[in-house]
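Could you walk me through this protein in plain language, as if I were new to reading structures? I would like to look at its cysteines, one of its helices and the spaces between its atoms.

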Amino acid sequence: MNPSSTNHLIIFCKNPVLGQCKTRLAATIGAEKALAVYQFLLEHTAKVTTQVTAKRIVFYSHQILQNDHFDPAHFHKDHQRGADLGERMANALKTSFAQGAKKAIIIGSDLYDINPELIDQAFTALDHYKTVIGPAKDGGYYLIGMTQMNSELFKNKNWSSSSVFNDTLINLKPKLPFLLTEKNDIDELEDLHPEAIFKPLIS
């Protein structure tokens with residue numbers, strides 16, 4: 001099977017609107033600088049994911065954008081559907097599996113440490129595991145992938161809290177997922193590392 005059609009990489013992003021993205025970061029550095037950081041992260045995510053052999057689908061929080069960092073030549077585009085983050089992720093995964101995915105992975109768009117090798121590792125892990133998770137240092141996760149739909153993973157979670165990762169592991173017992181290296185999402189001022197990259201955006 002061709003990985004470019006059966007491996008689906010789902011990218012969740014918020015529309016980059018002033019005052020509506022990176023709100024925790026904005027509380028410290030201001031909305032305009034927070035937006036600049038997020039635009040940088042969107043561009044970074046696009047560059048990284050273009051290097052991954054998969055069908056790439058960007059799911060926007062609201063309006064689908066055509067003239068942005070995600071070139072339509074390399075990315076399919078859709079919008080998120082659902083009452084909360086869990087329902088939106090579940091619906092995106094259901095869409096991919098309905099379209100023929102054998103492996104489907106979701107990532108966000110606020111992780112500077114993401115790289116093609118990490119995503120490739122996640123797809124490879126799904127040869128032997130039903131689920132793969134990239135735990136985040138704040139208690140959530142930056143990546144989740146699976147070989148078949150498991151809706152329970154997206155129900156009854158306190159999203160954006162420190163309990164999400166552990167609650168997801170409880171849902172998966174007795175079988176455990178393949179765990180990637182723990183990474184740090186960018187949500188707060190102290191997350192902006194390396195300094196040389198982010199300092200010009202917030203100075």
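Cys-13 counts as buried, because its relative accessibility is 3%. Keep in mind as you look that this is a predicted model. A disulfide is a covalent bond between the sulfur atoms of two cysteines. How many disulfides does the structure hold? The number is zero. For Cys-13, the reason is distance: the closest cysteine sulfur belongs to Cys-21 and is 10 Å away, which is too far for a bond. Seen from the other side, Cys-21 is in no disulfide either, with the sulfur of Cys-13 as its nearest cysteine sulfur, 10 Å away. Is Cys-21 buried or exposed? Cys-21 counts as buried, because its relative accessibility is also 3%.

Now let us turn to helix α5, which covers residues 116–125. Its buried residues are Pro-116, Leu-118, Ile-119, Ala-122, Phe-123 and Ala-125. A little background helps when you look at this pattern. An α-helix has 3.6 residues a turn, so residues three or four places apart point the same way. What do the buried residues of α5 pack against? Their partners include helix α3 (31–50). The others are the strands β1 (7–13), β4 (103–107), β5 (131–135), β6 (141–146) and β7 (178–179). Look also at the N-terminal end of α5, where Asn-115 acts as a cap. One of its side-chain oxygens lies 3.2 Å from the backbone nitrogen of Glu-117.

Another helix to visit is α6, made of residues 164–172, where you will find Asn-171. Asn-171 is partly exposed, because its relative accessible area is 33%. Leaving aside residues up to four places away in sequence, Asn-171 touches Glu-152, Leu-153 and Lys-157. Take Glu-152 as an example of how the fold brings residues together: Glu-152 and Asn-171 are 19 residues apart along the chain, yet 6.9 Å separates their C-alpha atoms.

Next, consider the spaces that the atoms leave open. Rolling a probe the size of a water molecule over the atoms shows where empty space is left. The largest pocket holds about 900 Å³ of space. It is lined by 32 residues, and those closest to its centre are Lys-14, Leu-85, Asp-110, Ser-160 and Asp-187. Two or more lining residues come from each of β1, α2 (23–29), α4 (85–98), β4 and β6. Which element gives the largest share? That is β6, with four residues. Sorted by class, the lining has 16 nonpolar, eight polar and eight charged residues.

The second largest pocket has a volume of about 240 Å³. Among the residues that line it are His-128, Tyr-129, Lys-130, Met-146, Leu-172 and Pro-177. Here the classes come to six nonpolar, four polar and two charged residues.

Finally, a cavity is a space that the probe cannot leave. How many cavities of 30 Å³ or more does a search of the whole structure find? The search finds one, and about 40 Å³ of space lies in the largest cavity. Its lining is made up of Ile-107, Gly-108, Ser-109, Asp-110, Leu-111, Ile-114 and Tyr-142. By class, these residues divide into four nonpolar, two polar and one charged. You have met Asp-110 before: it is one of the residues closest to the centre of the largest pocket, and it also lines the largest cavity.

Terms used: Residues numbered from 1 in each chain as written. Predicted model: local features only at pLDDT ≥ 70, side-chain atom pairs only at ≥ 80, totals over all residues. Heavy atoms only, no water. Buried < 20%, exposed > 50% of the residue type's maximum accessible area, 1.4 Å probe, protein only. Contact = heavy atoms within 4.5 Å. Polar contact = N/O pair within 3.5 Å; in protein donor to acceptor, adjacent residues only side chain to side chain. 1 Å grid on protein atoms, 1.4 Å probe; cavity = no way out; pocket = protein on both sides within 12 Å on 5 of 7 lines; lining within 4 Å. Points joined across faces, edges and corners; volume = space filled by probe spheres on them. Nonpolar A, V, L, I, M, F, W, Y, C, P; charged D, E, K, R; others polar. Disulfide = S-S within 2.5 Å.
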